[in-house]
Amino acid sequence: MRVRAARAAAAALLLAGAPCPAATPAAAAATDSSNALAHQLLEQLVEINTTDSPRGNVTSAAEAMAERLRAGGFAAADMQLLGPSERKKNLVVRLRGSGTRPPVLLIGHLDVVEARREDWSTDPFRLIERDGFFYGRGTLDMKGPDAIMVASLIRLKRAGFTPARDIILALTADEEGGAANGVQWLLEHHRQLIDAQFVLSGDDYSVLTENGKPLFFELIASEKVYADYQLLVTNKGGHSSEPLPDNAIYTLTRGLDRLAAYEFPFELNAVTREYYRRLADIESGQRAADMRAILGTPPAPAAVERLSRNSVDHSITRTTCVATRLEAGHANNALPQRAAAVVNCRILPGHSPEEVRALLVRVLADRAIAVRYLASDGSLHEAAPQERGFAPPPLLPEVIGPLDQLVGETWPGLKVIPSMSAGASDATHTSAAGLPTYTFAPLTVDPNDDREHGRDERIGVASFYQANEFFYRYLRLITAH
Amino acid sequence: MDRTPSRRLLRAGRAATRLAALLGAAALAAGAADAPLGPGAAGPAGAEPAAAAWNALAHDIYRQLVGINTTDSAGSVTAAAEALAQRFRAAGFAAADVRVLGPQARKKNLVVRLHGSGAHRPLLLIGHLDVVEARREDWSTDPFTLVEKDGYFYGRGALDMKSGDAVMATALLRMQREGFRPSRDLILALTADEEGGCCNGVEWLLKNHRELIDAEFVLNHDGLVGYSISAEHGVPQEFALSAAEKMYADYQLTVTNRGGHSSLPRPDNAIYQLAQDLLKVAHYAFPFELNEVTRAYFTRMAAQRGGQSGADMRAVAATPADPAAIARLSREPDLNSLMRTTCVATRLDGGHANNALPQRAQAVVNCRILPGHSKEEVRQQLIGVLADPGIIVRYVADDGTVSERAPEQRALPPSPLSPELLEPLERTVAAIWPGLAVVPFMNSSATDGIYTRAAGLPTYGVAGIAVDRDDMRAHGRDERVRVAAFYQDNEFYYRYLQALSAH
């Protein structure tokens, strides 16, 4: 996800009034109370299994948040629980404003990726506080940000604040996969419920640190295109007591071995160029020099090579494809009749999923391996979509201005750097619908300790509360007048 | 346990066998076409014309057994055992010699004893009554009705192994009827759950009623997945006597990784690591090694084959074996599996979400271990081949439990190729299939023989049914046996048992 965009903090500071530092005792009490609520919400969300598996249920989480919002003073008429299936309902809630300006839409997904107890040090579906961290599936991606958004809305409501624009919050299903992507479904069936001037997503942490020191604040303004492919080898199989040279598993693993060795071409675009231009001023030494060197024409090969050893830079500068799942065989004592892998690709804007599929076919270099496109609903297709990734939206001053101000206040000297995400999110859908979409969650994470989708996922306790305060203030700033 | 059958034996046969085989089959089939005759109509003991009547009885039992569903899901092995017990009692077997017993209502086994003079210790015949599942919609005919069509018997268990059950039961009924007094007790155990399930009958009987089935040696009709004779277009090529079994073992290979978001791939990846390691297994060949049985196999088959592969068989049976010949024969999967332990990846499982880097990638590697080697020894060999400290190799037991180490248990040595067993076999085979070679064989797939071998009973797989090597339908749809082959087995088994217990 760390891919910087062009257009940085240079945007005009639109900000005038509406500062609301938590300096007074009353404000401090409000902060404490909001933090306590955010903590409860996070705990509740983590402990509701919202995986796509049969054990998971997004509706339960949506209902729990609706209940909290009702208790926080929201009218039933301003809350909708709706979706295409029983387990996949989305919550849409509206904090009514004066109508001076068009609405802002906040989006957050409630679903989480799978987590197996045996892979984790703690129960992934329990919120555990330990050594200054909250542990649990979704703490970072993205029940932490969900809890903050809900807490902020309740706090605004309780404060009697009337925003200059409606603030709509949509908590949705199936961002991580599954048949019922909530944002897509809402855009298609209830566009009027969530229509807005722009969209804020909390689906990525923003404050990147190294050895505990914040490096910069990232605002994601563009995304790579997400695409899954299925690699399939079939074979007549046979009895495993007489192994044959032609074996579906070995054919597949040889192909995967070639894929592992393949590197997509290095490629920068306007967004990532700007990203490196700005980042070079923050970084130092060889790294800063390499960033400048890759911006040259042609890019310096040694600098590309060095920089690409970092998995973040590696992903920013090229399309990536990686095997994420394997499945083969039907009995321990039978030669496999079928061996399949899922390859997940993140495609640079300007390239299409079908283009990448054709390239995978060439890299695998084995006609026995069929490469099909795997759509988000799980259906398989001989060809992939031809659409190319979206161009980044313009950076709206009403978005970037308050952000610059608040980041400067919270982390003096820290720069906001627009970037491109390599982790496709629901922003893909809102962007496609023509809504400028910006992604940030003011959480502090060391990218070397990024545990999104991994085991022992966690966020810092202090960072969580800091982000809770930050987001509340940011909402006030963008809706002050 | 290993239930899927496979046996692709040998290649070239001798054309000379063709005519005799066809004549023999035709004669028996013609006999079978006569009006059914009950055992009461049988002629005097040992008289050849009696064959037709006993074929009719075998057919009747065969039809009855196929008609009784004995699958693990909906069937009852007990019903089949009871049906046969009824026939034995009606034929004059004492109630004490016809036992139906087992650990569960649907899983009872039949044990029948035909008393001999006691000159020799008993001979135990084993066969399983259970069959694998069969769905009507997959089949051309009702799998639980024995259908005779175009010269074949169709039905679930037609080959595996209700034909063998019928043939063995008929042999005992015939001996009883003819007043034949064997020189040793002949015990028939028809059992449950060979194909899987809670209650393997052979294992249960050995553990709980060893005295009922104790014997000098064991004939397992299922020892070669129901047939000893590999045929081409109905023409027998050779008669295999199974005297050794490889040992079955599953291993689980696991690579773990911290995982992460799939948008940020790293060089370290559980799936790629596993893929690279599996290719090492794919390229590795376990050391060449023959035992008494496989050496005899290659020696005898060398004469059958002739040409380059015949010469190669002679060269691998020699000491020292010729490496070039080993390399050439190893290209044939069936021969390769006779010369070495084999291990092959059969299953893969990795990752937990399309958009997450895998935290775990696993494979199942299935091994067939040569006699004399242990499961733990092979585990250590796999670790050496993989040469990757990042991959964990665990043992998977039959019940699915996974353990850090494998049992030290060694694959049992071959059963001795004793003349008392071989000589009567060769004589009987020569009488029915003139010119057909008898070839000692080692099974790569496991049968109930593993239990009797483990109990110290020498065990031999023998079945006189000929099956085309390209028409193996056991466990598959439209399972079938040639009508003529069934009747030949019926005659063969009777004669072979007589020869084994004549004096």
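This is a short tour of the structure, stop by stop.

**Before you start**

The model is predicted; local features need pLDDT of at least 70, side-chain atom pairs count only at pLDDT 80 or more, and totals for chains, interfaces and linings use all residues. Residues are numbered from 1 along each chain as its sequence is written, while chains are lettered from A and ligands numbered from 1 in the order in which they are written.

**Stop 1: all of chain A**

Select chain A. It has 14 helices and 19 strands. Helices (H or I, at least four residues) and strands (E, at least two) are DSSP runs, numbered from the N terminus. Along the principal axes, the C-alpha atoms of chain A fill a box of roughly 80 × 55 × 45 Å. The radius of gyration of chain A is 23 Å, which agrees with the value near 23 Å for a compact globule of 481 residues. That radius is taken over C-alpha atoms, and the globule rule is 2.2 Å times the number of residues to the power 0.38.

Of the 481 residues of chain A, 56% count as buried. Buried means that 20 or more other C-beta atoms, placed from the backbone, lie within 10 Å of the residue's own.

**Stop 2: strand β3**

Select residues 90-95 of chain A, which form β3. Six of its six residues are buried. Asn90(A), Val92(A) and Arg94(A) point one way; Leu91(A), Val93(A) and Leu95(A) point the other. In a regular strand the side chains alternate between the two faces of the sheet.

Now add β2 (79-82) of chain A, which pairs with β3(A) in the antiparallel sense over four bridges. Two strands pair if DSSP finds at least two bridges between them. Find Gln80(A) opposite Val92(A). Then add β7 (167-172) of chain A, which pairs with β3(A), also antiparallel, over five bridges. Here Leu95(A) stands opposite Ile167(A).

**Stop 3: a three-strand sheet**

Show β5, β6 and β19 of chain A. They form an open antiparallel sheet in the order β5-β6-β19. β5 (128-130) and β19 (458-460) of chain A are at the edges with a single partner strand each, so one side of each has no neighbour in the sheet. Neighbouring strands here are turned by 25 degrees against each other on average, direction ignored. β5(A) pairs with β6 (133-135) of chain A over three bridges, and Ile128(A) has Tyr135(A) as its bridge partner.

Add helix α3 (139-158) of chain A, which lies across β6 and β19 of chain A at about 55 degrees to β19(A). Helix α14 (461-478) of chain A touches β5, β6 and β19 of chain A, and its direction makes about 70 degrees with that of β19(A). Axes are lines fitted to C-alpha atoms, for helices over the stretch in contact, and angles run from 0 to 180 degrees between N-to-C directions.

**Stop 4: where the chains meet**

Show both chains. How many residues of chain A are in contact with chain B? There are 51, in contact with 49 residues of chain B. Contact means C-beta atoms, placed from the backbone, within 7 Å. On the chain A side, β12(A) gives the most, with eight residues.

**Stop 5: a helix in chain B**

Select residues 483-500 of chain B, helix α15. 15 of its 18 residues are buried, so α15(B) is largely enclosed by the rest of the structure.

Technical notes:
Contact = placed C-beta atoms within 7 Å. Buried ≥ 20, exposed ≤ 12 C-beta atoms within 10 Å, placed from the backbone. Expected span 1.5 Å × (residues − 1).
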